[in-house]
Amino acid sequence: MAQGTETPAGPPGDASPGVSGTDAYLHRRTLRRGSAGWLLLTGLGVAYVVSGDFSGWNIGLSKGGFGGLAAAMVLMGVMYACLVFALAELSAILPTAGGGYGFARRALGTWGGFLTGTAILIEYILAPAAIALFIGDYVESLGLFGLTSGWPVYLACFAIFIGIHLWGVGEALRFSLVVTAIAVAALLIFAVGAFTEFDASRLNDIPADTSAFGSSSWLPFGLLGIWAAFPFGMWFFLGVEGVPLAAEEAKDPVRSMPKALAISLVVLVFLAVITFISATGAQGANAIKEAGNPLVVALQGTGEPTALSRFVNYAGLAGLVASFFSLIFAGSRQLFALSRAGYLPRFLSLTNRRKSPYLGLLIPGVIGFTLAAWSGNGGRMLNVAVFGATISYALMALSHLVLRRREPELPRPYRTPGGALTSSVAFVLACSALVATFLVDRDAAFIALGVYAVALAYFAFYSRHRLVAGAPEEEFAALAAAEAELARD
């Protein structure tokens, strides 16, 4: 048995006829296997991210100008590409619901697993809360049903979409795929319309700050502006790393997971390039740099709404819904895996008759709704989420490096192109992006660190002594330790 773990007898009511001990415990904590093929997984990967194409990225123009944000987008695109290739290898080795936490648990031990899982939870609980606020703003601006942005809209978002998730993972992912397809189609239509107004001279129309080192018309805020734009370059890709969280519910995860990750990234890179260039060139970087709905501003400027701008406005709501919906899924699976293994209270991993982790959906939903209704600051919550994301990226890349070095003979059905060099690039860029969050919103970074500190205290003083040896991620780690001991003998 792995050190610091125990095999639970299971709380009352966990057992089923003919099932006892660890089997009884896991019987009430299983997901529906074989529910998602590569197409649904690809849709999930795009859904995580697509709302970032509609808004948020443009604030990076106010930090680095067109050239600075373009460089940041390329560097962050490289980071995500390297990370995705590393995760494709890791998810084929360890196809469990733990995702990044499971990878880090195998490579970095219980502390590394908990540090990674907590960072991922910060991202996937805070991001839906922020997006709920943005959905409320869209509903109000579009005049839908006469509603204004407020707690009733936020409550409806969480109640409706968590309800779909409780219905079943297959149904949830099919719904996500349809909404995501609408959002992607709208981005393509937007790009066609915006390119008819394209003027290259508008790309660098932000006045240069002559006091900034290295400033120019393309880098109006100097070289430091590139670094400050890192978190906004991430918005074109933020969340795609969550695809492995569906591994236990996937069909043939060893093959479908790498395929879905690769196709998702290709789609996202294409959408990022056409959206960024067409939107900025249509009205100018200065016009959209602080717009809440940059694509609409890119189409109509300060003039009257057009048929195309109205369509894009409605499609932006679809993009927000797609990301909101998929991020709820990701958060529930990460919470499920951490709870099943004993890192968090075990009751959170109980599943219903349709094999959905109902408490893992409901409790983060309550937290997210409370944060949205109480805070009202979606930008701040997203910055906290980005901080958590960058920590998890660094740790997941490090996990790939450690496993490549420590377990070179481990069977790898899929191998990362470039091997350790690829994950090394991801690690360095993730650490750079982590530091860049302090340049953008220092308060958000310290809030995330505070949450992290509380979670680590809980683990240090309580849960690390109550881990579940029979959980899949713990069994993988115990098996690796036993094999290493035999090799030494």
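**Helix crossings, pockets and cavities**

User: At what angle do helix 4 and helix 12 pack, and how far apart are their axes?

Analyst: They pack at an angle of about 150°, with their axes 8 Å apart. Axes here are lines fitted to C-alpha atoms, for helices over the stretch in contact, and angles run from 0 to 180 degrees between N-to-C directions. Helices themselves are DSSP runs of H or I with at least four residues, numbered from the N terminus. One caveat up front: this is a predicted model, where local features need pLDDT of at least 70, side-chain atom pairs count only at pLDDT 80 or more, and totals for chains, interfaces and linings use all residues. Residues are numbered from 1 along each chain as its sequence is written, and side-chain values use heavy atoms, with hydrogens and water left out.

User: Why are helix 4 and helix 12 called roughly antiparallel?

Analyst: Put the angle of about 150° against the cut-offs: under 35 degrees is roughly parallel, over 145 roughly antiparallel, 65 to 115 roughly perpendicular, and the rest oblique. Helix 4 and helix 12 are therefore roughly antiparallel. Their crossing is left-handed, the term for a near helix turned anticlockwise from the far one by less than a right angle (clockwise would be right-handed).

User: What makes up the contact of helix 4 with helix 12, by class?

Analyst: The residues divide into 24 nonpolar, seven polar and no charged. Ala, Val, Leu, Ile, Met, Phe, Trp, Tyr, Cys and Pro count as nonpolar, Asp, Glu, Lys and Arg as charged, and the others, Gly among them, as polar.

User: How do you know which way helix 4 and helix 14 run relative to each other?

Analyst: Same recipe: the angle is about 160° and the axes are 8 Å apart. Helix 4 and helix 14 are therefore roughly antiparallel. The crossing of helix 4 and helix 14 is left-handed, and the residues of their contact divide into 26 nonpolar, seven polar and three charged.

User: Why are helix 5 and helix 12 called oblique?

Analyst: The axes of helix 5 (residues 151–167) and helix 12 (residues 307–340) come within 10 Å and cross at roughly 55°. That value falls into none of the named ranges, so helix 5 and helix 12 are oblique to each other. The crossing of helix 5 and helix 12 is right-handed.

User: Which residues of helix 5 and helix 12 meet?

Analyst: From helix 5 you get Cys157, Phe158, Phe161, Ile162, Ile164 and His165, and from helix 12 Val321, Phe324, Phe325, Ile328 and Phe329. Contact means heavy atoms within 4.5 Å. By class, that makes ten nonpolar, one polar and no charged residues.

User: What makes a space a cavity or a pocket?

Analyst: On a 1 Å grid over the protein atoms alone, a cavity is a set of points where a 1.4 Å probe fits but cannot get out; a pocket is an open set with protein on both sides within 12 Å along at least five of seven lines, and lining residues have an atom within 4 Å of a point. Searching the whole structure turns up three cavities of 30 Å³ or more.

User: What is the volume of the largest cavity, and which residues lie nearest its centre?

Analyst: About 180 Å³, where a volume is the space filled by probe spheres set on grid points joined across faces, edges and corners. Of its 15 lining residues, Ser51, Gly52, Ile131, Leu238 and Leu382 lie nearest the centre. Helix 4 gives the largest share of that lining, five residues.

User: And which helix gives the most to the lining of the second largest cavity?

Analyst: Helix 13, with five residues. This cavity holds about 80 Å³, and Ile328 is among the residues closest to its centre. Ile328 is also one of the helix 12 residues that meet helix 5.

User: How do the linings of the two largest pockets divide by class?

Analyst: The largest pocket, about 650 Å³, has 22 nonpolar, three polar and one charged residue in its lining. Ile122, Ile125, Leu126, Ile367 and Val451 lie nearest its centre. The second largest pocket, about 350 Å³, divides into eight nonpolar, eight polar and three charged. Helix 4 gives the largest share of that second lining, four residues.

Note on methods:
Helices (H or I, at least four residues) and strands (E, at least two) are DSSP runs, numbered from the N terminus.
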